[in-house]
Amino acid sequence: MSALRSLLSVAPGVPIEPTDILDDKFGQLRSLPMVGTWGLYSVIAAAGITFAIALAASRRPQLLAAARNAAYATSALVLFDLLLLAYAFITHDFRIRYVARYSDRSMSTGYLITALWGGQDGSLLWWLSLLAANTAACVAWMKSRWRELQPYVIATLIATLGFFAVIMAFSANPFAESIAGARADGEGLNPLLQNFYMIIHPPSLYMGFVGCAVPFAFAVAAMASGRLDEEWLYAVRKWMLFAWLFLSIGNVLGMLWAYEELGWGGYWAWDPVENAAFMPWLTASAFVHSTMIQERRRMLKIWNVALISQTFFMTIWGTFLTRSGMIKSVHAFAQSSIGIYFTYLMVTVACVTAALIVYRLPELKSLDVDSVGTRKYRASMGPLLTKILLVVLAAAVVIRFQSDKMAPIGALAVLTVQGLAGLGMAKMRRVYSSYPWGDYTASIALFVLFLPFTFFGCIVYWVASAVSKDENVSAEAEKKQQAIAVEIDSVFSREAAFVANNWVLLAMQGFVGITTAYPLISTAISGEEMTVGPRFYNTWMVPLGLILFALMGIGPLLGWRKTSKSSLRKAFEIPLIVTLSTAILHIVIGHRLGFPWRVESDPIYPTTLGLVLAKMTGLMPILASSLAAFNVAVLVQEYSRGVAARKKVTPDENVFASIWNLVAKQRRRYGGYIVHAGIVLMFVGFTGAAYRVDREVALRTGESVEVEGYKLTYLGPRRVDSDPAKMEIYTDLKLEKNGKYLGEIHPARFIYRRQQMPTSEVAIRVGPREDVYIAPGSVNAETGLATLHVYINPLTAWIWLGSLILIFGAIVAMWPEPEVEEVGVSAYLRTAGAVAWSLAFGLMIALTPARVHAQTSSTHAGDVHMKSPEERKLFSNLLCMCGTCDRLPLSACACGWAEDMRNKLGARLSVGETIESITSWYVKEHGAAALNVPRSRSVWLVPTILVGLGAIGAVFVVRGWTRKGATSAQKAADEEENKAEGRDDYDSKLDDELSDQ
């Protein structure tokens with residue numbers, strides 16, 4: 001006991017400080033920073049041991065229990081480090097550099113916890129902790145099931161966990177000590193992050209990102225073990241839905257934060273970090289739909305494993321974008337050296353998944369793995385893939401030590417993946433040339449997902465195909481392939497609709513991905529960085545979004561396998577009538593209600609292409625409203641037919657009970673319909689952006705101004721000094737409409753004393769028809785003149801309402817079934833987490849319309865004043881080039897350089913100089929990077945070609961899978977029987993699906 005007391009005390013009678021963990025006898029180990037650092041080293045060691053045991057367990061099953069326990073221990077070490085850092089924040093241990101930079105003694109406990117992910121180092125530890133929690137939950141959930149998959153699942157998750165531990169230990173250590181020693185006080189958290197949404201937005205988005213690791217681990221395990229039937233798919237579908245739910249919540253919370261925090265009147269600016277969170281949501285959405293085809297028809301196996309792999313890859317790429325500093329963003333962390341680590345991880349993920357897909361193509365194509373062709377394929381591909389991967393690893397290491405630039409490594413990774421895919425396609429072409437459509441399907445999938453930039457893979461494919469042929473193997477493969485029926489029976493089927501849906505989602509992801517990386521691409525090609533702004537995205541993404549919106553309604557109306565002409569007519573009759581009626585009503589009375597059926601849109605290019613795109617954008621309101629009506633009619637019809645089908649079985653059941661039981665019995669299907677309903681409302685809200693009005697006003701005390709029927713009366717400035725951290729200057733306004741008093745609103749400017757950072761507080765009055773959104777500019781202390789930016793944002797509240805419905809539908813779809821095996825750790829984790837987050841989100845939204853909000857923003861810390869529509873048009877297409885801010889458009893940037901440039905360009909406009917000539921001068925002075933919409937054709941030509949190739953590929957896939965010839969006699973007899981009973985196959989489809997679920 002005396003020895004223990006000596007370890008737990010510094011000296012007799014001297015109490016232990018909170019950060020003194022060990023005795024002086026252990027040197028520096030007694031400090032909390034050192035304990036945290038050694039905790040990271042322990043995680044790396046534990047992860048390595050666990051990885052080795054897990055791989056050994058794949059050959060020696062008796063080691064599986066040890067691998068599971070080791071995974072628990074590794075996860076516990078990570079959680080210990082997280083708690084240690086949280087303790088450091090709460091106790092103000094300013095010896096730690098990260099704690100000193102992101103907190104101070106005046107911060108509340110809530111914001112001290114938020115500071116955990118307020119900076120790069122802590123956010124990585126938070127990511128690692130969520131991954132550890134998911135790993136532990138997954139291991140506990142698997143129990144004794146999927147014993148052949150478990151070793152590879154654990155190994156994949158632990159390898160990813162160990163990678164993040166390596167990053168923190170050697171490049172982004174959150175426990176690193178300040179060189180100058182402990183500070184008396186910290187610097188404090190960035191005012192932009194002292195916001196309610198920043199408390200819940202990063203955790204939810206990171207939960208979505210990290211949640212994608214579990215499905216990826218199962219996909220790797222299935223390919224590594226060769227167990228590629230539907231077993232692994234059933235295991236991951238709700239994990240992916242869980243990740244998709246939190247990706248959705250994270251994206252919506254990010255929209256809310258931007259809307260109330262950045263002060264520019266919008267909610268989505270197509271910022272690179274926003275895009276990084278949006279892209280995995282697109283691929284996850286594609287997987288959620290395509291997995292249903294594999295479950296029912298055993299199709300799209302290659303596609304599904306590729307989608308899971310790409311979703312996980314996009315989460316890593318998004319993290320890389322926000323932390324490498326390679327792409328500028330108002331949301332990104334500062335530039336750092338960790339980008340090279342993420343490059344290695346992306347290279348590893350891309351190469352390993354491509355190699356596994358190529359190696360397992362026979363199983364993924366449902367071919368006989370014991371055939372001569374498959375054995376020859378496997379015998380030749382295994383050693384070849386191993387050699388290629390080893391060469392890539394050696395070359396990457398050499399390049400790393402020869403150059404600090406990551407571009408050569410990235411190029412090498414792309415070429416390697418393409419080479420692997422090309423070899424795999426060539427081998428499959430040689431072995432299975434008698435069934436070309438299956439080979440083309442694999443080729444298209446691999447090309448779209450892994451070969452977006454060059455044709456190196458195709459070159460490898462052509463060369464390898466030309467030098468080797470084996471007709472005997474082809475004949476055997478043909479015989480095997482003919483026994484497998486995986487075709488799509490008809491273009492008018494749900495399978496075909498899902499393929500089209502996947503094409504649109506992947507086209508959107510590819511388009512956004514290429515244009516987001518365009519600054520890097522343009523720099524590599526021409527040496528000049530070009531930035532793509534919101535106008536470009538909004539113009540080009542509108543058609544794709546409308547196509548996806550239409551497919552969302554068409555899919556449920558089509559039956560599995562095929563839909564007859566009579567069924568099509570009956571299914572589409574009412575929705576099309578509703579759609580046409582809505583379009584006519586919009587044209588006739590829309591302008592009277594303030595929502596005209598078309599709007600004017602300025603072309604982004606001074607060419608015919610720009611005019612065509614502008615016309616398409618101008619028609620967006622009527623197309624969106626018509627498609628919204630179409631989708632609502634489809635959903636109502638689906639529920640009505642489902643209730644009618646139940647009434648035949650239980651005639652005494654009332655309508656509400658029928659709906660309840662219908663959803664309870666088929667939660668996945670009807671929960672998905674609820675998700676669709678939420679997306680419809682969100683689309684209605686997005687359409688409101690076409691009618692947005694913004695106006696800048698300057699008022700003196702007592703003056704009033706009218707904007708779109710709203711009367712604003714300036715009551716005067718008001719200064720508040722109650723908060724020691726900041727000085728608050730409010731601009732009090734009285735709001736009226738049609739003579740009715742609506743209340744007072746108070747936009748403000750805050751000046752944070754510690755950071756010497758002026759910010760602006762927007763005021764928002766939320767309503768079902770429109771939001772009144774006011775961002776303050778400047779207040780002249782002598783004259784009392786206040787400048788304000790007033791936005792009228794129609795239908796924005798419908799976005800948040802639709803988000804709540806989407807979350808509710810996702811929870812319904814993933815709610816655990818009452819079977820005994822479903823009630824486990826995963827079920828409780830999914831439901832408890834989803835319900836908790838949705839309740840918090842719902843409470844936040846529910847409180848929104850009741851009061852005016854005011855949040856901070858550094859973006860509009862000054863006055864942005866434009867005198868004419870010509871100035872607005874000019875400034876919106878020119879970026880600030882001061883070199884110190886976030887390169888916002890001159891119409892939004894409030895820095896001094898931007899203000900001087902606006903005055904200079906405005907003077908040139910006032911003397912009659914054209915917008916085109918001023919733009920040309922600006923580009924000549926500052927380069928093509930100064931344009932918000934680059935005029936280079938490559939910025940839109942490359943993604944457009946990619947989208948077009950994807951569309952052609954989707955058409956060929958569907959046509960290639962479509963069976964030729966008439967239906968079987970049995971199907972014909974069933975159809976005649978249905979007609980005789982006054983029924984059609986649409987009713988049969990509903991009855992069949994009701995009985996199946």
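The following exercises, with worked solutions, concern a predicted model.

**Exercise 1.** Find which residues have the most contacts inside the largest nonpolar core, and which helix gives the largest share of this core.

*Solution.* Start with the core itself, which has 186 residues. Those with the most contacts inside it are M142, V153, I154, F218, W232 and F342. Next, look at helix α10 (residues 231-261): the largest share of this core, 19 residues, comes from there. Another core, of 17 residues, lies apart from it and includes L733, A763, L788 and I792. Last, take M142: beyond four places in sequence, M142 touches R68, Q150, V153, I154 and F218.

**Exercise 2.** Determine how helix α3 (residues 64-90) and helix α7 (residues 150-170) are arranged.

*Solution.* Two packed helices are described by the angle between their axes and the distance between the axes. Here the axes of α3 and α7 come within 10 Å and cross at roughly 25°. Angles under 35 degrees count as roughly parallel, and α3 and α7 are therefore roughly parallel to each other. The crossing of α3 past α7 is left-handed. On the α3 side the contact involves L64, A67, R68, A71, T74 and V78, which meet Q150, P151, I154, I158 and L161 of α7. By type, these contact residues are eight nonpolar, two polar and one charged.

**Exercise 3.** Decide whether Y730 is buried or exposed, and list what surrounds Y730.

*Solution.* Y730 sits in strand β4 (residues 726-737). Its relative accessible area is 16%. Buried means under 20%, so Y730 is buried. Leaving aside neighbours within four places in sequence, Y730 is in contact with G716, P717, R718, V720, H746, P747, A748 and F750. For G716, 14 residues away along the chain, the C-alpha atom is separated from that of Y730 by 8.4 Å.

Note on methods
Residues numbered from 1 in each chain as written. Predicted model: local features only at pLDDT ≥ 70, side-chain atom pairs only at ≥ 80, totals over all residues. Heavy atoms only, no water. Core = buried A, V, L, I, M, F, W, Y, C linked by side-chain atoms within 4.5 Å. Buried < 20%, exposed > 50% of the residue type's maximum accessible area, 1.4 Å probe, protein only. Helix = DSSP H or I, 4+ residues; strand = E, 2+ residues; numbered from the N terminus. Contact = heavy atoms within 4.5 Å. Axes fitted to C-alpha atoms, helices over the stretch in contact; angles between N-to-C directions. Parallel < 35°, antiparallel > 145°, perpendicular 65-115°, else oblique. Left-handed = near helix turned anticlockwise from the far one by under 90°. Nonpolar A, V, L, I, M, F, W, Y, C, P; charged D, E, K, R; others polar.
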